[in-house]
Amino acid sequence: MRLVNLSLTNFRNYKKESINLSPSTNIFIGNNAQGKTNILEAIYTLALARSYKAKDKDMIMNGAEFYKISALIDFFNRDEELIMIGANEGKKVFAGGREIKKISDFIGKLNVVLFSPDDLLMLKNGPQEKRKLMDMSLLQISKQYIDDYTAFKKQLKLRNDYLKYLLPKINEEETVSDDMLDVLTSNFISTNTKIYEFRKNFIDNLAKLTTQKYALLSGEKTTIRFEYQINFKNNLDFYKEKYKSDITAGSTQFGCHRDDIKFYKDDQDFETACSQGEMRMLSLSIKLALADMLKTMKNEAPVLLLDDVFSELDKNHQNRLLTMLDKSMQIIITTTDIYKIGKLALDNAKVFMINHGAVKEAQANG
Ligand SMILES: Nc1ncnc2c1ncn2[C@@H]1O[C@H](COP(=O)(O)OP(=O)(O)OP(=O)(O)O)[C@@H](O)[C@H]1O
Ligand SMILES: [Mg+2]
């Protein structure tokens with residue numbers, strides 16, 4: 001899968017821009033705050049129909065009423081145009097000139113893996129960022145997950161609203177017995193079970209691939225282990241015991257919306273015992289593993305988006321990362337300085353300069 005062209009209108013600091021990309025490596029160079037990350041965010045947003053870091057309305061250029069991202073994609077040597085338009089009232093997506101009403105039919109038409117400086121948040125900011133990794137990956141991998149996830153969120157909200165409604169009605173002494181709550185809980189459990197199975201499977205596969213990638217990237221013989229942690233049992237009796245505390249809290253306290261992943265390197269917890277460099281290598285290994293997984297499951301290579309990741313690695317690890325990148329994939333790299341990018345990446349690369357939301361093609365060795 002290749003991005004042939006990317007066109008932006010009123011997208012963050014891009015008034016109007018059109019970029020013809022190389023099917024292999026593309027490098028965007030610019031000083032801070034010129035619009036490098038915005039390019040990658042636009043591509044990611046088109047792939048997942050949402051940004052990884054902001055709400056739709058935040059991406060509209062200040063003072064404008066809408067943004068438009070369009071891209072010409074080469075799928076198996078067949079071109080298709082994807083368009084996303086975001087406005088304050090909501091968003092619309094189009095493929096091949098037709099509006100796609102169901103967002104799950106649009107997500108995953110373009111597949112991407114983003115390597116971002118924010119990936120480290122996954123190891124620093126607690127479980128929420130790890131659930132985001134699982135969700136954003138699974139949304140791309142499986143259409144069924146998109147539907148199941150939507151159903152899960154809906155059941156969770158229905159149950160939470162009802163718990164809040166029950167709060168003034170419960171009596172301190174009595175145990176809670178409520179038919180409606182039983183029904184809502186059973187519905188919640190059935191969607192929760194599906195999400196749990198998807199995530200568990202995903203984590204098991206990702207862990208295996210990540211171990212291989214970590215060994216190659218670090219050059220060390222270590223064992224990487226993922227531990228998927230849940231706080232529930234998927235049966236009504238378990239939830240019935242928690243009725244009173246759920247009502248008091250006004251929310252469902254047990255379920256996949258509270259799950260977590262722990263990462264270990266030879267039994268050392270990455271979050272508490274590993275160095276910054278080791279954390280970076282873990283996050284890169286996870287993303288490399290994800291790229292392989294997407295390629296296998298979708299039968300087509302995803303586009304790799306690398307946001308300023310080279311500047312954080314020493315030359316040795318930079319070269320290791322470069323040799324590990326699958327050459328069959330299209331790569332889009334941003335950097336503040338061409339000298340931060342190894343020679344290996346520059347060969348045959350198309351180079352662009354970014355200046356205040358304007359993109360110009362440059363000579364790779366100029
Ligand atoms: N909605 C918006 N309207 C107009 N400008 C915006 C909007 N959102 C963000 N910007 C501007 O886009 C600029 C570029 O942001 P971006 O994150 O792409 O920079 P960058 O080139 O990646 O910089 P760095 O090297 O610091 O990461 C910022 O100055 C920001 O103020
Ligand atoms: Mg940036």
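The dialogue below covers how some terms apply to this predicted model.

Biologist: What conventions apply to the model?

Modeller: In this predicted model local features need pLDDT of at least 70 and side-chain atom pairs count only at pLDDT 80 or more, while totals for chains, interfaces and linings use all residues. Residues are numbered from 1 along each chain as its sequence is written, and chains are lettered from A and ligands numbered from 1 in the order in which they are written.

Biologist: Why is strand 12 called largely enclosed?

Modeller: A residue is buried if 20 or more other C-beta atoms lie within 10 Å of its own, exposed if 12 or fewer, and partly exposed in between, with C-beta atoms placed from the backbone. In strand 12, residues 303–307, 5 of the 5 residues are buried, so the rest of the structure largely encloses this strand. V303, L305 and D307 point one way, L304 and L306 the other way, and all are buried. Strands here are DSSP runs of E with at least two residues, and helices are runs of H or I with at least four, numbered from the N terminus.

Biologist: How do you know that strand 12 pairs with strand 8 and with strand 13?

Modeller: Two strands pair if DSSP finds at least two bridges between them. Strand 8 (residues 112–115) and strand 12 have 4 bridges in the parallel sense, with V113 opposite L304. Strand 12 and strand 13 (residues 331–335) also run parallel, joined by 4 bridges; here L304 stands opposite I331.

Biologist: What makes the crossover from strand 12 to strand 13 right-handed?

Modeller: The chain passes from strand 12 through helix 10 (residues 315–324) to strand 13. With the strands pointing away from the viewer, a right-handed crossover is one whose path from the first strand over the helix to the second runs clockwise. This β-α-β crossover is right-handed.

Biologist: How does the span of helix 4 compare with the one expected?

Modeller: The expected span is 1.5 Å times one less than the number of residues. Helix 4 (residues 143–166) has 24 residues and reaches 35 Å from its first C-alpha to its last, close to the expected 34 Å. Helix 3, with 15 residues, reaches 21 Å, close to the 21 Å expected.

Biologist: What do the buried residues of helix 4 pack against?

Modeller: Contact is counted when two C-beta atoms, placed from the backbone, lie within 7 Å. The buried residues of helix 4, among them Y149, F152 and L156, pack against helix 3 (127–141), helix 5 (179–218) and helix 7 (243–249).
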